[in-house]
Structure formats: structure tokens, C-alpha cells
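Q: Please look at the model below and explain, step by step, how its labels can be justified.

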Amino acid sequence: MGVKYGLPPIAAPDARLFILGSLPGDASLAARHYYAHPTNQFWRLLGQALGEDLHALRYDHRLARLRERQIGLWDVVASASRPGSLDQAIHDAQHNQIAHLLTDYPQLRAIAFNGAASSTIGRRLIGAAGNVELVDLPSSSAANTKPFADKARDWGLLAAFLQP
């Protein structure tokens, strides 16, 4: 089993919200796009929270909209051994320096964790977040069988961090 390496962070310097996943799945790594698997609900969930159809946009336009909306994307795991794409299969993880988000993005208001693995690792890496709120979200993965409407309600809380 080879080592899988994550994607670089996507963010403008004025990011107010970061959404952190665990480690991109195989489809995302192959495409070099965040949340590329067609069954992953990330773009639909975030789009609904923002009141726009991100899912319908080309990937580069999605990223441009996130930058415009002051949203950053990244992952807590920089590299790991993992057969397949499930978080439970991650072994020998090396972590990203996500605690630096607190100082590198002075307008940051919240860090949201996409799923339990991201939250567990991320909260340990960040520690005390000062004035930055830490938000746990249900995973956007299709492996999380929570109904979409319930996930969307939880993800809808993100909109509050993007208001001036």
C-alpha cells in the first residue's frame, strides 16, 4: 500500500471560514480536485448553505466562488497510507500544520470539520482556537447515510460566519 498525498490549501488571504476534510478520496486525488467523487455531497451541501448552486459550476468556477465568499478548503491529513477512500482505513498519517490557519488568516472566524475524523484530528492539532469557532459537520461523504436534509440543516450554520 503506497502513501497518498493530499491537495494544497485553497484560500484567499481574507478567508473567514475554512472547511477541513480528512484526506481526499481516491477520485479526488486522481482528479486533483476537492470532493470530486460524484456521490460526495460537499458541493451541494455548501451551495445550499450559501444559497447558490455550486454543484452546477465547473471546478475552477467553484473555487473562484469560494474565494469570493471568503471560504478556504484544506485537509487535516497531509499524507497517509490508506487502501481505498474511507477515513477508518487511514494509517501512518502525517498532518498538515492547520494550527497556522489561526495566525495566517487574520479574518478567520470559524474552522469547520467535514466529518468525525477531520474533527478528531483537527481539534487535537489546533488546541485552543482563541476567537475562532470550531464547528463539527456531518460528513459530506455518501458513506455517511444521514439524510441529505439533515446534513443540509447542519451545514446551513456556516452561512453565519460569512456575514460581515
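A: pLDDT is the predictor's confidence in each residue, on a scale from 0 to 100. On that scale the chain averages 92, and 95% of the residues score at least 70. This is a predicted model, in which local features need a pLDDT of at least 70 and side-chain atom pairs count only at 80 or more, whereas totals for chains, interfaces and linings use all residues. Residues are numbered from 1 along each chain as its sequence is written, and side-chain values use heavy atoms, with hydrogens and water left out.

Q: Where in the chain is confidence highest, and where is it lowest?
A: Confidence is highest in strand β2 (residues 17-21), at 98, and lowest in β5, at a mean of 84. The names of such elements come from DSSP runs numbered from the N terminus, where a helix is a run of H or I of at least four residues and a strand is a run of E of at least two.

Q: What makes the pair Arg-82 and Asp-26 a salt bridge?
A: A salt bridge requires a side-chain nitrogen of Lys or Arg within 4 Å of a carboxyl oxygen of Asp or Glu. The closest N and O atoms of Arg-82 and Asp-26 are 3.9 Å apart, so the pair meets the rule. This pair links distant parts of the chain, 56 residues apart, with Arg-82 in the loop between β4 (77-81) and β5 (91-95), and Asp-26 in helix α1 (residues 26-31). By the rule for salt bridges, the count comes to ten.

Q: Why is Arg-82 called buried, and why is Asp-26 called partly exposed?
A: Buried means under 20% relative accessible area, exposed means over 50%, and partly exposed lies in between, as found with a 1.4 Å probe and protein chains only. Arg-82 has a relative accessibility of 1%, so it counts as buried. Asp-26 has 33%, a value in between the two limits, and therefore it is partly exposed.

Q: How do you know that Glu-68 and Arg-65 form a salt bridge?
A: Their side chains meet with N to O at 2.2 Å, which is within the limit, so the label applies. Both residues lie in helix α3 (residues 59-68), three residues apart, or about one turn of the helix. Glu-68, at 52% relative accessibility, counts as exposed, whereas Arg-65, at 24%, counts as partly exposed. Glu-68 and Arg-65 also belong to a network of salt bridges that links them with Glu-52 and Arg-69.

Q: What makes β4 largely enclosed by the rest of the structure?
A: Four of the five residues of β4 are buried, and therefore this strand is described as largely enclosed. Ser-79 is in strand β4, and at 9% relative accessibility Ser-79 counts as buried.

Q: Why are β4 and β5 called paired strands?
A: Two strands pair if DSSP finds at least two bridges between them. Three bridges join β4 to β5, so the condition is met, and these strands run antiparallel. Within this pair, Ser-79 stands opposite Gln-94 in β5. Strand β1 (residues 3-5) is likewise joined to β4 by three bridges and runs antiparallel to it, with Lys-4 standing opposite Ala-80 in β4.

Q: How do you know that the buried residues of helix α6 line one face?
A: The buried residues of helix α6 (residues 148-155) are Lys-151, Ala-152, Asp-154 and Trp-155. Seen down the axis of α6, these buried residues fall within an arc of 160°, taken from the directions from the helix axis to the C-beta atoms, so they line one face of the helix. The face turned away from the buried side carries the exposed residues Ala-149 and Arg-153.

Q: Why is Asp-154 called buried, and why is Arg-153 called exposed?
A: Asp-154 has a relative accessible area of 19%, which is under 20%, so it is buried. Arg-153 has 52%, which is over 50%, so it counts as exposed. The side chains of Asp-154 and Arg-153 meet in a salt bridge, with N to O at 3.7 Å.

Q: Why is Gln-70 called buried, and what is noted about its phi angle?
A: Gln-70 has a relative accessibility of 16%, and therefore it falls under the 20% limit and counts as buried. Its phi is near 65°, a positive value in a residue other than glycine, and Gln-70 is found in the loop between α3 and β3 (71-75).
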